[in-house]
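Hi,

Here is the structure I promised to pass on, with a few notes underneath on what turned up when I went through it. Have a look at it first, then read on.

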Amino acid sequence: MIDLAQISALEGRHVRLRRLRPEDAEATLRWRRSERAALLNRGAETVEAQARWIASRPPDELNFVIELAAGGVPVGMLSLVGIDPANGRAEPARFLIGEPARVEGVPAAVEAMLLLYELAFERLGLRRVYGTVASDNTLMIKWQKYLGMREEGRLRAHYQLDGRTQDAVCLGLLAEEWRAVARPRMRALVHAGSLPRPPEP
Amino acid sequence: MIDAPSLEAVIYRALAALNAERPASDQLALAPATRLFGPGARLDSLGLVSLISDVETTLVTEHGMDVSLADDRALARAESPYATVATLRDYVLELARGA
């Protein structure tokens with residue numbers, strides 16, 4: 001497997017993923033404390049704590065900031081954690097679009113995930129990616145399933161989030177499903193975001 | 001085969017589900033010209049995928065029409081099939097006719 005430390009950025013048409021740095025603490029903390037992140041695990045409470053958390057990420061994680069390719073504006077974050085070459089698996093995690101108004105009409109989220117899956121399956125040679133989503137996060141579950149993930153089970157009463165006890169929905173994607181289902185769908189959606197709008201009638 | 005008005009109704013139902021998650025000040029109009037995705041549009045890719053997923057599910061469960069709205073055929077087009085309600089409607093009709 002390639003040396004994870006050598007991976008500095010992933011380049012797409014609409015977005016670029018670059019490694020998370022302690023200087024991103026203020027923006028990422030703001031995103032994590034927004035209403036949109038209510039169904040994610042709570043993180044640090046201060047900018048200083050967030051910077052310490054970023055600086056202490058272990059070597060089996062790749063943590064990225066999602067930037068718009070045009071202008072380099074940071075709009076979100078995405079990670080690949082628990083990278084386990086022996087078992088050929090890893091977990092996409094901490095997926096959050098923190099600046100939703102800046103990505104209206106732009107396939108930022110889907111291209112960010114496309115770049116992460118390409119890294120996981122094509123460059124790192126993993127066999128499987130997996131993760132859990134809080135059961136109340138129905139939009140994210142629908143999104144992940146449409147883009148190829150399969151539901152593999154459910155951990156009952158696994159999260160206490162947003163004032164409620166919630167199940168964790170377990171999702172997984174195998175390399176062959178990535179190539180047959182997920183990649184073509186993601187590429188079509190990214191491509192559509194690049195096409196001109198038809199003329200007004 | 002499904003006709004254009006029935007197809008618009010399917011898309012509007014999916015849009016209404018999205019509107020239920022959006023603030024009152026940011027509702028998407030149930031109209032053919034409503035911009036969905038691409039430059040100047042209001043949906044992000046989370047919203048677009050939700051819309052497409054709901055439309056596909058309704059087409060297969062209520063109309064027996066098993067189509068994929070995001071595949072290599074969408075990749076081959078010169079204009080976005082997801083630009084507006086009308087372009088999405090016309091794209092599904094095209095797929096239904098086997099064009």
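**The nonpolar core**

Please keep in mind that this is a predicted model. Its largest nonpolar core has 78 residues, and the members that touch the most others in it are I66(A), A112(A) and L36(B). Helix 3 of chain A (residues 108-123) gives the most to this core, with 12 residues. If you would like a place to start looking, try I66(A): apart from neighbours within four places in sequence, its contacts are V15(A), L17(A), V75(A), G76(A), M77(A), L78(A), A108(A) and A112(A).

**Where the chains meet**

Chain A puts 26 residues into the contact between the chains, and chain B puts in 28. On the chain B side, helix 2 and helix 3 (72-75) are the elements that give two or more residues. Helix 2 of chain B has the largest share there, seven residues. Sorted by class, that side of chain B holds 14 nonpolar, seven polar and seven charged residues.

**Two helices in chain B**

Helix 2 of chain B (residues 45-63) also packs with helix 1 of chain B (residues 4-19): their axes come within 9 Å and cross at roughly 135°. That angle is why helix 1 of chain B counts as oblique to helix 2 of chain B. Their crossing is right-handed. From helix 1 of chain B, the residues involved include V10(B), I11(B) and R13(B), while those of helix 2 of chain B include G47(B), S50(B) and D54(B). The residues of this helix contact split into nine nonpolar, three polar and two charged.

Best wishes

Key
Residues are numbered from 1 along each chain as its sequence is written. Chains are lettered from A and ligands numbered from 1 in the order in which they are written. This is a predicted model: local features need pLDDT of at least 70, side-chain atom pairs count only at pLDDT 80 or more; totals for chains, interfaces and linings use all residues. Axes are lines fitted to C-alpha atoms, for helices over the stretch in contact, and angles run from 0 to 180 degrees between N-to-C directions. Helices (H or I, at least four residues) and strands (E, at least two) are DSSP runs, numbered from the N terminus. Angles under 35 degrees count as roughly parallel, over 145 as roughly antiparallel, 65 to 115 as roughly perpendicular and the rest as oblique. A crossing is left-handed if the near helix is turned anticlockwise from the far one by less than a right angle, and right-handed if clockwise. Two residues are in contact if their C-beta atoms, placed from the backbone, lie within 7 Å. Ala, Val, Leu, Ile, Met, Phe, Trp, Tyr, Cys and Pro count as nonpolar, Asp, Glu, Lys and Arg as charged, and the others, Gly among them, as polar. A nonpolar core is a set of buried Ala, Val, Leu, Ile, Met, Phe, Trp, Tyr and Cys residues joined through C-beta atoms within 7 Å. A residue is buried if 20 or more other C-beta atoms lie within 10 Å of its own, exposed if 12 or fewer, and partly exposed in between; C-beta atoms are placed from the backbone.
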